[in-house]
Amino acid sequence: MTGATPQSALHSAGPVADTLLGVTGLLSAGAALILLGVMALLAAAVRRREGTLNVRLWLLGGGVVFPVVVLTALFAYSEWHRPPWQPVPPKDALIVGVTGHMWWWEVRYRDPATGAEVVTANEIRIPVGRPVYFGLGSADVIHSFWIPALGGKMDMLPGRVQHLRLQADRPGVWRGQCAEYCGEQHARMALHVVALAPADFDAWLAAQARPAVPADALSPALVRGREAFLAHRCDACHTVRGVSETSRLGPDLTHVGSRLYLGAGTVANDADGRAAWVAHTQALKPGARMPSSHARLDDATLRSIADWLGHLE
């Protein structure tokens, strides 16, 4: 899978983002037109004799009437093209729940086959060409959900569910970011959206609904990693369905091996990245609600846990 495109509203990838980009371009052009016109009038007024009727009329028309007319037209245009707020999702929409935590994202889907809730973290996968209706909330402080290439931002408030509709028109990976300062690691609270072909998305969601690979299907080396994960009480904070389902204090790791990044975009999800994240969490993301484990895990145990986590796809 290719890397994420630049985190920029100028790289629009969906109808909502296209509309916002068009409105932004027109508003910028209108503002530039007003500025040029007012500066031209100012220059003309400086060169002409003060107090003449001609100058006063030009200043009144160009300095007052013209900006009012242009700004009113721009306001009407922007309101006309504002993405509609929908309290009820469209019939064909995919519904995704996202909860902001300090400093990671909990993502929830509904399995269409069983109706069971599918929980993942820090990455959202969506089907191309299908509207996605987000239910957004916060578990602690105010966060803000923003995927610049797909649309505008929406605040995530404790005790309240906000709604936002987005859509991707082509496959790709787009980086998002919490856009409301939320504490020490606000800058390392990224979110990646992966848009897939509809058939690929359906296959991915079906795989996410299944529990982790059972122990009897693992190699001895991976079994050691699974046992070390439990022995060192990683399950006290992390759920791995089919292995440990007692806590949701931290991100769900049932299929963590399929994600692009760890730590909400902090490190790449490869063998070295997983080992570094488990061993040196506080060095990579100071203040995260997860302790570093380098002092209590030898290299072999650390590598076995990292390998087992990578196998959870």
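Where is the place of A187? A187 sits in the loop between β9 and β10. The model is predicted. At a relative accessible area of 59%, A187 is exposed, because the cut-off for exposure is over 50%. A187 and D155 are 32 residues apart in sequence. In space, their C-alpha atoms are 16 Å apart.

The two strands on either side of that loop pair with each other. β9 and β10 run antiparallel and are joined by 6 bridges. One of the bridge partnerships links G172 to A195 in β10. Is β9 enclosed or open? Of its 7 residues, 6 are buried, so β9 is largely enclosed by the rest of the structure.

β9 also pairs with β6. Strand β6 covers residues 143–146, and β9 covers residues 172–178. These two strands pair in the antiparallel sense over 2 bridges. W146 has Q177 as its bridge partner in β9. β6 has a further antiparallel pairing, with strand β7 (residues 154–156), over 3 bridges. There, H143 is matched with M156 in β7. W146 has a charged neighbour as well. K153 lies over the face of W146, at 4.3 Å from the ring centre.

Next comes the nonpolar interior. Which strand gives the most to the largest core, and which residues touch the most other members? The largest nonpolar core holds 39 residues, and V98, Y109, I124, F134 and F145 touch the most other members. Strand β10 (residues 190–196) gives the most to this core, with 5 residues. Take I124. Leaving aside residues up to four places away in sequence, I124 touches V98, V107, Y109, F134, F145, L191, H192, V193 and V194. Apart from the largest core lies another, of 23 residues, among them A228, A275, V278 and L302.

A275 and V278 lead to helix α5. The helix spans residues 271–279, and its buried residues are G273, R274, A275, W277, V278 and A279. What covers them? The cover includes β11, β12 (267–268), α6 (281–284) and α7 (299–311).

Now the aromatic rings. A pair of aromatic rings is described by the distance of the centres and the angle of the planes. The structure has 6 aromatic pairs. In one of them, the rings of Y109 and F201 have their centres 6.3 Å apart and their planes at 55 degrees, so the pair is tilted. Y109 is in strand β2 (residues 104–110) and F201 is in helix α3 (residues 198–209), so this pair ties together parts that are 92 residues apart in sequence. Why do both count as buried? The cut-off is under 20% relative accessible area. Y109 is at 3% relative accessibility, so Y109 counts as buried. F201 is at 1%, so F201 counts as buried too.

F201 has another ring partner. F201 and W204 form a tilted pair, 5.9 Å centre to centre, with 35 degrees between the planes. Both residues lie in helix α3, 3 residues apart, about one turn of the helix. An α-helix has 3.6 residues a turn, so residues three or four places apart point the same way. W204 is buried, with a relative accessible area of 11%. Elsewhere, ring pairs link W105, F134 and F145 into a cluster.

A histidine comes next. H255 lies in the loop between α4 (220–231) and β11 (261–262). Is H255 buried or exposed? H255 is buried, with a relative accessible area of 6%. The side chain of H255 reaches the backbone oxygen of Q208 at 3.4 Å. With residues up to four places away in sequence left out, H255 touches A207, Q208, R210, P211, R241, L312 and E313.

The last stop is helix α1, residues 15–47, where A31 is found. A31 is at 44% relative accessibility and counts as partly exposed. L71 is 40 residues from A31 in sequence. In space, the two are 8.1 Å apart, C-alpha to C-alpha.

Conventions
Residues numbered from 1 in each chain as written. Predicted model: local features only at pLDDT ≥ 70, side-chain atom pairs only at ≥ 80, totals over all residues. Heavy atoms only, no water. Phe/Tyr/Trp six-rings, centres within 6.5 Å; stacked < 30°, edge-to-face > 60°. Helix = DSSP H or I, 4+ residues; strand = E, 2+ residues; numbered from the N terminus. Buried < 20%, exposed > 50% of the residue type's maximum accessible area, 1.4 Å probe, protein only. Lys NZ or Arg CZ within 6 Å of the ring centre and 35° of its normal. Polar contact = N/O pair within 3.5 Å; in protein donor to acceptor, adjacent residues only side chain to side chain. Contact = heavy atoms within 4.5 Å. Core = buried A, V, L, I, M, F, W, Y, C linked by side-chain atoms within 4.5 Å. Pairing = 2+ DSSP bridges.
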